[in-house]
Amino acid sequence: MDISGTMLDRLALLGDKRAEAVVEKLVEGGQLEEVNRVLRQWHSADQNIPAGLPDDLHDFIEEARQAPEWADQERLARVHEFFQDDGIHIGAVLALGSMAMAYAVPLGAKMMSLTHRLRYPERRMANTAQFVFDLMQPDPFGPSSNFVVSAVKVRLIHATVRYHLRATDSWDEVRDGVPASQEHLLIVLLALSVQVLDFLERLKVRVTPQEAEDYMHTWRVAGSYLGIDPTAVPPTVGEARQLFATALARSAGPSPEGAELTKHLLDLYEGIVPGRIFDGIVPALLRRLIGKDVANWLEVPHSPLWQAVVRCYVAVLGTMESLEDHSRLARRILDKLGQLQYAVELRILTRGKSTPLELPTQLAGYKDEIVLPTPRSAAEVERAGDEHVVPIIAVDQAK
């Protein structure tokens, strides 16, 4: 497939016309609040679409919740074993590292900051944690799926954000392309998929080639529900890694919005970790995951002491992974502990409450200039200790 910058240029000019046409009628008809009220009643893919929705929206949902014909059911069944084995690590690096990588793209961070709902990460974190938890369930795209419902709602949310940004003149589309474009959504999808595999490697969590390819395929299917063109999503881990490198070399860099969102993210996690004495562990772990260049762009605090602690933690984790590989009993015990830990983490992030996904009725509405990075080559630019870190990010940092 085409994994060039030219292809990304094309995707930067594309949104989601099908969803946008539906949303435009909802907004202009003053129906958003009522639609949000009705959609709170829709929880699983096999549930009848609630009565009371406009016909256009009903038809859109009926179409959007259908599984793609190319989805490989054998792969989707296998990936659940991967989630059972390493779900706690996947959830942790996804909710911390992948979120930060999304903030490292100035245009994406700008768009997130332009909504009240996304400016503060508590609700977004809760939604992301629930989103991933639903994807980790057996048959996540099947009849009883909660994930499909969430994905279709997120697709509508993106279309609503585009409408508001255009209507309030908060986005320079000539200069910056379509807001929440296919390119931006693809970058986020790759941060949630192939980048997570790289994060796991940096934590010494072993992932087999088959597990990696199954995981990538699962997110490719998930992307189709989010309105991402399946032909734009690389079918293999190798191609996905190359495309992600190219995308970030073109688009990633520092921004005030990215630094602010990252600060809120760290504050949220530090509020979860008991006691102030351990506050430095979260930034140190994040620096381990995303590397020093990206961490510096996002103004993640630097602490040699806590980064040494994280290195020790990674060494212990590698030992536990080795033990798990060689002992069936250890594997069962660690898997159960991991599932329990993720359930506890999910409850903490959501505060034990369901956080409904709703179409935003307004934006924060401020407008200022965006300083974009200068695209360069997608080459490896750094190391962290003895570990290779993100073979991406080659922007001109002198500018």
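This section describes the overall make-up of a predicted model and then the packing around several of its helices.

The protein chain contains 19 helices and 2 strands. Of its 399 residues, 55% are buried. Contacts that bridge long stretches of sequence are frequent in the following sense: among contacts between residues at least 6 apart in sequence, 77% join residues at least 24 apart.

Helix 6, which spans residues 106–113, illustrates burial at the level of a whole element. In this helix, 7 of the 8 residues are buried, and helix 6 is therefore largely enclosed by the rest of the structure. The buried residues are Pro 106, Gly 108, Ala 109, Lys 110, Met 111, Met 112 and Ser 113.

The packing of one helix against another was examined next. Two packed helices are described by the angle between their axes and the distance between the axes. For helix 11 (residues 182–192) and helix 13 (residues 209–225), the angle is about 150° and the axes lie 10 Å apart. The crossing of helix 11 past helix 13 is right-handed. On the side of helix 11, the contact is made by Leu 189, Leu 190 and Leu 192, whereas helix 13 contributes Tyr 215, Met 216, Trp 219 and Gly 223. Sorted by class, this contact comprises 6 nonpolar residues and 1 polar residue, with no charged residues.

Helix 13 also holds Thr 218. This residue has a relative accessibility of 1%; because buried means under 20%, Thr 218 counts as buried. When neighbours within four places in sequence are set aside, Thr 218 is in contact with Leu 76, Val 79, Leu 135 and Phe 141. Phe 141, one of these partners, is itself buried, at 12% relative accessibility.

Aromatic side chains provide a further view of the interior. The count of aromatic pairs comes to 5. One of them joins Phe 83 and Tyr 215 in an edge-to-face arrangement, with 6.0 Å from centre to centre and 80° between the planes. This pair links distant parts of the chain, since Phe 83 belongs to helix 5 and Tyr 215 to helix 13, 132 residues apart. Both Phe 83 and Tyr 215 are buried. A second edge-to-face pair is formed by Phe 141 and Phe 147, whose ring centres are 5.6 Å apart and whose planes meet at 80°. Phe 147 has a relative accessible area of 0% and is thus buried. In addition, Phe 82, Phe 83 and Tyr 215 form one aromatic cluster. Tyr 215 accordingly appears in this cluster and in the contact of helix 13 with helix 11.

An aromatic ring also meets a charged group. The charged end of Arg 220 sits over the ring of Trp 70, at 4.7 Å from the centre of that ring.

Helix 5 (residues 73–103) includes Val 93. At 2% relative accessibility, Val 93 counts as buried. Not counting residues up to four places away in sequence, Val 93 touches Ser 98, Val 196, Phe 199, Leu 200, Leu 203 and Leu 289. The spatial relation of Val 93 to Leu 192 was also determined: the two residues are 99 residues apart in sequence, yet their C-alpha atoms are 9.2 Å apart in space. Leu 192 is one of the residues through which helix 11 meets helix 13.

Terms used
Residues are numbered from 1 along each chain as its sequence is written. This is a predicted model: local features need pLDDT of at least 70, side-chain atom pairs count only at pLDDT 80 or more; totals for chains, interfaces and linings use all residues. Side-chain values use heavy atoms; hydrogens and water are left out. Axes are lines fitted to C-alpha atoms, for helices over the stretch in contact, and angles run from 0 to 180 degrees between N-to-C directions. Helices (H or I, at least four residues) and strands (E, at least two) are DSSP runs, numbered from the N terminus. A crossing is left-handed if the near helix is turned anticlockwise from the far one by less than a right angle, and right-handed if clockwise. Contact means heavy atoms within 4.5 Å. Ala, Val, Leu, Ile, Met, Phe, Trp, Tyr, Cys and Pro count as nonpolar, Asp, Glu, Lys and Arg as charged, and the others, Gly among them, as polar. Buried means under 20% relative accessible area, exposed over 50%, partly exposed in between (1.4 Å probe, protein chains only). Rings of Phe, Tyr and Trp (its six-membered ring) pair if their centres lie within 6.5 Å; planes under 30 degrees apart count as stacked, over 60 as edge-to-face and the rest as tilted. A charge sits over a ring if NZ of Lys or CZ of Arg is within 6 Å of the ring centre and within 35 degrees of the ring normal.
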